[in-house]
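Let's take a walk through this model and see who touches whom. Keep the viewer open and colour by chain if you like.

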Amino acid sequence: MSAAQPLIGRSVERKEDYRFLTGTGQYTDDITLPRQSYACFLRSPHAHARIRSIATAAAGAAPGVLAVFTGKDLTGIGGLPCGWLIKSIDGSPMKEPKHPVLAEDKVRHVGDPLALVIAESVAQAKAAAALIEIDYELQPAVVDTATAARAGTAVHDIAPDNVCYTWAIGDKAAVEAAFARADHVTRLSIVNNRLIPNAIEPRAANAAYSRADDSYTLYVTSQNPHVERLLMTAFVLGLPEHKVRVIAPDVGGGFGSKIYLYAEETALVWAARRVGRPIKWTAERSESFQTDAHGRDHVSTAELALDRNGKFLALRVHTTANLGAYLSTFASCIPTILYATLLAGQYATPAIYCEVQAVFTNTTPVDAYRGAGRPEATYLLERTVELAAREMRIDPPELRRRNFIRHFPYASPVGLSYDTGDYEATLNRVLDIADVKGFPARKAASAQRGLLRGIGYSCYIEACGIAPSNIAGALGARAGLFEAGEIRVHPTGKVTVFTGSHSHGQGHETTFAQVVADRLGLALEDVDVQHGDTGKVLFGMGTYGSRSLAVGGTAIIKAVDKIIAKGKKIAAHLLEASDADVEFAQGEFRVAGTDRKKAFAEIALAAYVPHNYPLDKLEPGLNENAFYDPSNFTFPAGSYVCEVEVDPDTGAVRIARFTASDDFGNVVNPMIVEGQVHGGLAQGIGQALLEGCLYSDDGQLLTGSYTDYAMPRAADLPAFHVETVRGTPCTHNPLGVKGCGEAGAIGSPPAVINAILDALAARGVTSLDMPATPYRVWQAIQAAGR
Amino acid sequence: MSQISYHRPTALAEAARLAMSDPDARILAGGQSILPSMRLGLLAPTALIDLGAIAELQGVRSDGRTLTIGAVTTHAAVAASKDVMTQIPALAQLALGIGDAQVRNRGTIGGSIANSDPAADYPAAVLGLNATVRTSARSIPADGCFTGLFATALKPGELIAAIEFPLVARAAYAKFRQPASRFALVGVFVAQTGGSVRVAVTGAGPCAFRCKALEEALARSFTPQACDAVRIGPDGLNSDIHGSAEYRAHLIPVLARRAVQQLLA
Amino acid sequence: MSVTIQLKVNGRPVAAEVQADTLLSAFLREHLRLTGTHVGCDTASCGACTVHLDGRAVKSCNVLAAQTQGREVTTIEGITPEDGSLHPMQAAFKACHGLQCGFCTAGMVMCALDVVTHQPHATEEQIRAGLEGNLCRCTGYHNIVRAVAQGAKAMGR
């Protein structure tokens, strides 16, 4: 590959693919350590029960068993912490009950871990766990989101009404005034269905203790190993942070579910020193269903006030959000900071008020899942807007167009400042490439085959790269939101990049290498990217919220800039010029206006063999790091069009066409960006059509395996028509990039449901909740026909 | 150490003897249902009797009047059999729609029938085509084969040797999949020979069953429209998160209509 | 009870003592340390563990090691050229961005090979149906389907 060709903007093949394609990747469960032992967690079969007693003697004496631990053994260590303090409207802090690593007095959801059994093999650990006897005193279970606050049973004593907080944002009085003068009000009750993340690699951990230096090593399926280490050492186990190395090797998908500090790896680290052997645990899929933090689960009402021309006057929203049994690591900020702040969407609605009641229930904890709050906001808003268009007999794209934000920067009534965007551009483009004009003919053709065809729209906005740290801190964040990077130039001029942005499918090893190679004028193969090891990488806040390139990439660029600055000084010395006269371009340091130059590798060599070197002014070596704290979120946006065919006899829905037009600002690797959109669309369409986590009234998980939780498979999805427009670059990061990982999951669910409702309008169906399974669609048709 | 023993007999008689001697042994025909059940701890047999090495249980034979399919013939082999494709294409099509490619490469017809999963496809074909299930001890007529939820007329130690499908004039199978498991939420098999029509339903009840109302309607008029007039009651039908008994009842004539349409096409 | 098995794995003869209930997936990963085959579920639903048994795709979590007596097993390691290059199907997945996190990839490639071997001119619809036993949570399948078609072409099918 020629170094002269720009790498940014090119769909280069991924550097990480060889190992994945040949089976030579190293995922956590692939790692087996000398003297390996294995763990099994005994889990509660009940949703809610007091623990009268736990008898472990028989398990302890079972063949191959090395140790059995219960919550009693772990007293004295902290609970699993929550990283964001939300305050209620009255100023009181959220209720923050202890989340014990192993259950102490009570179990609060099916799958809640009670005991850790460590044995020579998994089979022996499982067999021994089955011998543990527990005397439970069953309690009524609190399950339903909407009624949890009136359940009459408390999941936690400190929250007798199960309310964790009641939070609000926006100008309530202004909203009420606007409603009073509205010509039209659209009202909608809306449920955002609970999802189970289902990364195909189950969570796993392998913890080892070394007596030699009193240190720990933890291999774990994590999106952010440094955060995992910080939370585990400082808040739970009280271990010295520098004595714990956390390695997240190849990780098989995360989608949010691997951000959090979980009980299992924490217990393993705690036990590793006591057992004196490395301990490995890998979730069985049924454990993943019960214990990976779930996503979504909102019950809301939305009211949109409009004037007679369809101008939005105000939006009023009330949401009840299910947090599950405990506060997961970032649970509290998802239905608040990452949700209600997005309710303006792409529209210049002057007044918005949203109140959120967050409740505890006897279900698996709920936290960020791809999109995290933003899909819930987008779904609510785009369903409401489409309904308003239908009620006011305005073409849905036209109603949106009348309300688009057109002047930037734009300060929304719910606290965000959009730096840039062009919503008309993505809408116009998608209407064109989706051939919306041809829809009536396609609808007629479908009708010929007895099928109802519908078209649905969605215009989404996303906020990526949550920032800046100081404002987030004022809003309750208990962590920074920066990212760290390091550039290590080797004496031969080859480069290793260290980033805090873990890659588990996003292709950072390629994208980040493209950026660095481009800036330094190197070939792609001369730049490698390392991530996921606290022993190698200086620090990292990890990968979530579509932040990696915008935040992590910027940290790397800042480090690259320092390398170039230092390189100029070295070159100036070697070329006997002044620092200010040296320019750097395409891998060469050159004295401006002359042909005197030094290649990048020559400068690197000079830095490490500093014989002819300004040692009095400059340190040897060529290694720089940088931390970057963004000044604002980035705001990707786009427009989606979905066409469905509904079979009225069975209720089956087929996605006939799905077209996306996204503005991600500048794009480094279009192939990877499109792939991210595809994946997001699949998860969004999965939410809309297939996926829905269900509990029975007594808190049993009814969708606890792939035979009951419907995952999108190849035949369920169409080929996607995805296009990234020549967008509006982000104004506050040097690459002008915005983030693309969650867009598809955010924008697609309302497009799908709007399309189904359009198809069913002729049958009198006006409302439908996700997932729109054949059974549910059939029921809706039956109910409307009565 | 595992307590389970494993047997790999090479003759059906030997397999039957082993099965008879240990009532808690389970038969491994293709293993696609048993092995997941064992992993989930739902099943803990004392022994596994693997039929995979018994040559007499393999393959498809045709004598012009009957197609005989050995018990451990895989779904993929049935789907790809020239004899099945030409003589009972509906059966090949049904086999091609079972589970997924990997399951079809392991799962067997005998295993499917012996398991009598309420949502399995083959039982509908056995009933619809009025097949005979030949076992290590006797022949069981289709109508007496499936007795309830995961229950058949097979006695302890009795193993399926082969299924004998009489050739029919025409047949078709229409299935509506449960979205998660991809098993039949409802599947309807329609077969017509001379004036007689058989309609068998899977997925809807505790085990596969014949639907007399549809058989009579189609015997009177073998048209798709004949199915539309038939109303099936929900009593006794399955109800779960994927569909109520009413929904399943509704789907039976809908799918019968589609099978008839296919068959007339 | 333990069972003695002799089989071929990736073309090489292997003899081993396994427990009667040892799954092929566990035998490959733990006895032979062939960790390219992954396990993603406990209901034989995800297909991440797909390998070839006598040339046909099977879920190795749903086959006993004991059942492979006298047979040939091929894993992702077995189809990878030793010279550091890629099999045409692997190369097509790379070129089409048919993988992201890589966890389902080995199973996807092994299933794809079965699909194109037995349906040489598979349409997009047939490819999608052929991959029904394999879950991918990252790609939305779009690029996997493209890759399988391109891989088939490159294999001369």
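## Inside chain B, then outwards

In this predicted model, 23 residues of domain 1 of chain B are in contact with 24 residues of domain 2 of chain B. The split itself comes from the domain assignment, which gives domain 1 as 5–166 and domain 2 as 170–264. If you take the C-alpha centres of domain 1 and domain 2 of chain B, they lie 23 Å apart.

So much for the outline; now the domain 1 side. Which elements give two or more residues to the side of domain 1 of chain B that touches domain 2 of chain B? They are α5 (89–96), α8 (122–128) and β8 (146–148) of chain B. The largest share comes from α8(B), with 5 residues. Sorted by class, this side of domain 1 of chain B has 14 nonpolar, 8 polar and 1 charged residues.

Next, step across to chain C. Here 25 residues of chain C are in contact with 22 residues of chain B. On the side of chain C that touches chain B, β4 (56–59) and α4 of chain C each supply at least two residues. The largest share there is 4 residues, and β4(C) provides it. The class count for this side of chain C reads 11 nonpolar, 8 polar and 6 charged residues.

Chain C also meets chain A, in a contact that takes 45 residues from chain C and 42 residues from chain A. Look for helices on the side of chain C that touches chain A: α2 (76–79), α3 (88–95), α4 (105–118), α5 (124–130) and α6 (142–154) of chain C each supply at least two residues. Of these, α3(C) has the largest share, with 4 residues. By class, the side of chain C facing this contact with chain A has 20 nonpolar, 18 polar and 7 charged residues.

Finally, zoom in on chain A and its helix α3 (residues 122–129). Which residues of this helix are buried? They are A:Q124, A:A125, A:A128 and A:A129. These buried residues are on the same side of α3(A), because they cover an arc of only 135° around the axis. As for what that side meets, the buried residues of α3(A) pack against β1 (37–43), α2 (57–60), β3 (65–70) and β5 (113–119) of chain A.

Definitions and conventions:
Residues numbered from 1 in each chain as written. Chains lettered and ligands numbered in written order. Predicted model: local features only at pLDDT ≥ 70, side-chain atom pairs only at ≥ 80, totals over all residues. Contact = placed C-beta atoms within 7 Å. Nonpolar A, V, L, I, M, F, W, Y, C, P; charged D, E, K, R; others polar. Buried ≥ 20, exposed ≤ 12 C-beta atoms within 10 Å, placed from the backbone. Arc of directions from axis to C-beta. Domains from an automatic or database assignment.
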